Amino acid sequence: MSRATKKDTQSPAPHVADSHDLIRVHGARENNLKDVSIEIPKRRLTVFTGVSGSGKSSLVFDTVAAESQRLINETYSAFLQGFMPTLARPEVDVLDGLTTAIIVDQQRMGSDPRSTVGTATDANAMLRILFSRLGEPHIGPPGAYSFNTASVSASGGFRVDRGADRTKTEKVTFHRTGGMCTRCEGRGSVSDIDLAQLYDDTKSISEGAFTIPGWKSDNVWTVGIYAESGFLDPDKPIRKFTKKEMQDFLYREPTKVKVNGVNLTYEGLIPKIQKSFLSKDKESMQPHIRAFVERAVTFATCPECDGTRLSEGARSSKIKKVSIADACSMEIRDLAEWVRGLADDSVAPLLTALQQTLDSFVEIGLGYLSLNRASGTLSGGEAQRVKMIRHLGSSLTDVTYVFDEPTTGLHPHDISRMNDLLLRLRDKGNTVLVVEHKPQTIAIADHVVDLGPGAGTDGGSVCFEGTVEGLRASDTVTGRHLDDRAAVRDTVRKAGGALEIRGARTHNLQGVDVDIPLGVLTVITGVAGSGKSSLVHGSMPAGAETVSVDQTPIRGSRRSNPATYTGLLDPIRKAFAKVNGVKPALFSANSEGACPTCNGAGVIYTDLGMMAGVATTCEECEGRRFDASVLEYHLGGRDISEVLAMSVAEAEEFLGTGEARVPAAHKILQRLSDVGLGYLKLGQPLTTLSGGERQRLKLAVHMAEKGGVYVLDEPTTGLHLADVEQLLALLDRLVDSGKTVIVVEHHPAVMAHADWIIDLGPGAGHDGGKIVYEGTPADLVASRSTLTGEHLAEYVGG
């Protein structure tokens, strides 16, 4: 018998390669982390908990995931690194045992009008190839079915050198068939500009006819170029322009002109407005610019392509009587069934890949979406789940998946499905790190890391490491609140009238008639995709004075901070100026008071090309951002840099009494305290705030707006279990002050606390869009008549 067939009866010693089963973090100091040292088990599901602002994201995203990505980038050549984002090494002493990190965060997907769910997930690319192979009539390659590809034709000649001064001219023609609708240029909608909102036609240009924000008569780039171009009479009222002058004024193609000795490009008013305003993301505009665009521009479905974005040729090519426009407008679960019915050996691998992608959508709970849904309209939770699609079928193992609250926007009914997906990723041999607040997801963790004990400077320490049962028994904020259950209200407030919505058909709503009670707390609930946002954002009756607080992210650079964002800095600057008899502009680090060395940034940035730039504290102002002469002026014994270094709670006390009393600033500070941001520093850059902190900052700003109806879109996003209580107290204060509060929410504690519940469903997409329950939470719990009722009864009874 050969020796090779014998079995070794002794158990082999563990291989040294199998000993690397921990990710070790020692001395992490990113943002508010206080020298944190932990060990994270590999190939396990670890959940990071703690109050909002306790340092969870700083540890998981800014330390572990950031260093993994930086090390991967360093494996590429210096040439390639020059094209990649430059990442600095996190503030940490030792990071050991890292694996490749794949980050699936809640960053909203691009709001470019050309980006859809299909283009973001490559499903559209596969569909285009499918139609180019099987579509009848055949119209061309995959590009012929793309709404981002225009049809192009060109012809001309080029000279071929034959040597010895002999040349020959050869004629060439070029043609590319694209699927873009020529009328809307692949956007699906056309804009109509109200000229009355752009200028007053009774005035001449020199009399200040333009009513566009920022278009002042002394600006050569805007008004000046029209007045001095020579195409128009600047002293003639616009309504008296000749036909040619009006054509030049509104539609002239870009033309080079000389104005006051400067070469400029003159362009008609309509294309100029389209380029300067309509090509930008509306949410990134300043409020007064956004208001102008909403007033001056109306968007309508393109009449030529009926909103499909595709040319007539692309729409005419069909497979089994279905065009690519029809396929993209189907709900994805219906499209998956249609694709399943196709069989053709020539495209079998393509059909398999497309089927897997579409089935992943359904599996992840997004079967109600369609591929033509604009990616900018997805909520944060939906965007995160769309990003998960490409990872579900991946064969990669031993990688680290990092999730940021993956249950955001999910009904309790859907959370178990998300939990199954996280466990499946783990069981394939991956390390799964999840930042989460929901008890249902914390419960499935193999390992829990709880940070705190508080937020901001009061956080940044590890309060607990271990199992879920250990967390439950620990005396941490999370442990104490893990089994919290809110009781259904004994008595509900009486409505003082109703907001009547009749025949609502926005998106998937099916002719909904509903009365939303005034003067009480109403919660709109239902599974994801049931039509909640369509009801509260798209179907409100005209004339309802609503203040809407949605989940769009706060935009701001590292120069923006809570003081500038909330308008708090203005009254503080004026108070400093009044007491010291100088200009308010001196007390702005973005204006005259800025340190001349760092221009008010507090740090000096050195760009090192392909390597991460270095930020060093400015030696001139020592990071205080202001010129030394400005810091000699005081209010109540403090200079402006000392005031900006205060927390909200400290500033509330300082500016509330004595000679430093500033009532306008004190009101804003009270609102910041009301939403639980008393620990934030006034001058802390917005870029360092967590998602939950940014949403509450936005809520504090909106609380100052005039309006009787507040519409809040999932205000518990990013909130710790302990903070939900404070949010409920804030909602009660708003209602008791005479406001109507409408909350789109899945959190059972908020549902139980409501005066009135409107439940949509019963399912998502075309299975939803109906009112399945209206009434008090107590009656819903008693009847258990809907999915929401079942989960709420289980929660209250627990």
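Here are some notes on a predicted model, covering helix packing, internal cavities and a few backbone details.

1. **H11 against H12.** A good place to start is the pair formed by helix H11 (residues 332-340) and helix H12 (residues 348-363), whose axes come within 9 Å and cross at roughly 155 degrees. An angle over 145 degrees counts as roughly antiparallel, so H11 is roughly antiparallel to H12. In handedness, the crossing of H11 and H12 is left-handed.

2. **Who touches whom in that pair.** From H11, the contact draws on Ile 332, Arg 333, Leu 335, Ala 336, Val 339 and Arg 340. H12 answers with Leu 351, Leu 354, Gln 355, Leu 358, Asp 359, Phe 361 and Val 362. Sorted by class, the residues of this H11 and H12 contact are nine nonpolar, one polar and three charged. If you colour them by type, the charged ones to look for are Arg 333 and Arg 340 on H11 and Asp 359 on H12.

3. **H12 against H13.** H12 also packs with H13: their axes come within 9 Å and cross at roughly 135 degrees. The two helices are therefore oblique to each other. Here H12 passes H13 in a right-handed crossing. The residues that meet are Thr 357, Ser 360 and Phe 361 of H12 with Val 386, Ile 389 and Leu 392 of H13. Four of the residues in this contact of H12 with H13 are nonpolar and two are polar, with no charged residue. Phe 361 is worth selecting in your viewer, since it is listed in the contact of H12 with H11 and again in the contact of H12 with H13.

4. **H13 against H14.** Next along is helix H13 (residues 380-392) with helix H14 (residues 412-427), where the axes come within 12 Å and cross at roughly 35 degrees. The crossing of H13 and H14 is left-handed. On the H13 side the residues are Arg 385, Met 388, His 391 and Leu 392, and they meet Met 418, Leu 421, Arg 424 and Leu 425 in H14. That contact of H13 with H14 holds five nonpolar, one polar and two charged residues. Leu 392 of H13 takes part in this contact and also in the contact with H12.

5. **The largest cavity.** How many cavities of 30 Å³ or more does a search of the whole structure find? The search returns six. The largest has a volume of about 160 Å³. Its lining is made of 20 residues, and those nearest the centre are Glu 405, Lys 438, Thr 716, Thr 717 and His 747. By class, the lining of the largest cavity has 10 polar residues, five nonpolar and five charged.

6. **The second largest cavity.** This one holds about 100 Å³ of space. Of its 13 lining residues, Phe 147, Thr 308, Leu 310, Cys 328 and Asn 372 are the closest to the centre. Helix H4 (123-134) and helix H10 (324-329) each supply at least two residues of the lining of the second largest cavity. Which helix gives the largest share of that lining? H10 does, with three residues. The lining of the second largest cavity comprises seven nonpolar, four polar and two charged residues.

7. **Two cis peptide bonds.** If you set up restraints or check omega values, please note the bond between Gly 452 and Pro 453, which is cis with omega about 0 degrees. Pro 453 sits in the loop between strand S16 (447-452) and strand S17 (461-466). Another cis peptide bond joins Gly 761 and Pro 762, with omega again about 0 degrees. Pro 762 is found in the loop between strand S26 (756-761) and strand S27 (770-775).

8. **A positive phi.** Arg 43 has phi near 55 degrees, a positive value in a residue other than glycine. Its setting is the loop between strand S2 (36-41) and strand S3 (45-49).

9. **Arg 573 and its surroundings.** Arg 573 belongs to helix H20 (residues 569-580). Setting aside neighbours within four places in sequence, Arg 573 is in contact with Pro 584, Ala 585, Phe 587 and Ser 588. Arg 573 and Val 16 are 557 residues apart in sequence, and their C-alpha atoms are 63 Å apart in space.

Terms used. Residues are numbered from 1 along each chain as its sequence is written. This is a predicted model: local features need pLDDT of at least 70, side-chain atom pairs count only at pLDDT 80 or more; totals for chains, interfaces and linings use all residues. Side-chain values use heavy atoms; hydrogens and water are left out. Axes are lines fitted to C-alpha atoms, for helices over the stretch in contact, and angles run from 0 to 180 degrees between N-to-C directions. Helices (H or I, at least four residues) and strands (E, at least two) are DSSP runs, numbered from the N terminus. Angles under 35 degrees count as roughly parallel, over 145 as roughly antiparallel, 65 to 115 as roughly perpendicular and the rest as oblique. A crossing is left-handed if the near helix is turned anticlockwise from the far one by less than a right angle, and right-handed if clockwise. Contact means heavy atoms within 4.5 Å. On a 1 Å grid over the protein atoms alone, a cavity is a set of points where a 1.4 Å probe fits but cannot get out, and a pocket is an open set with protein on both sides within 12 Å along at least five of seven lines; lining residues have an atom within 4 Å of a point. Grid points are joined across faces, edges and corners, and a volume is the space filled by probe spheres set on the points.
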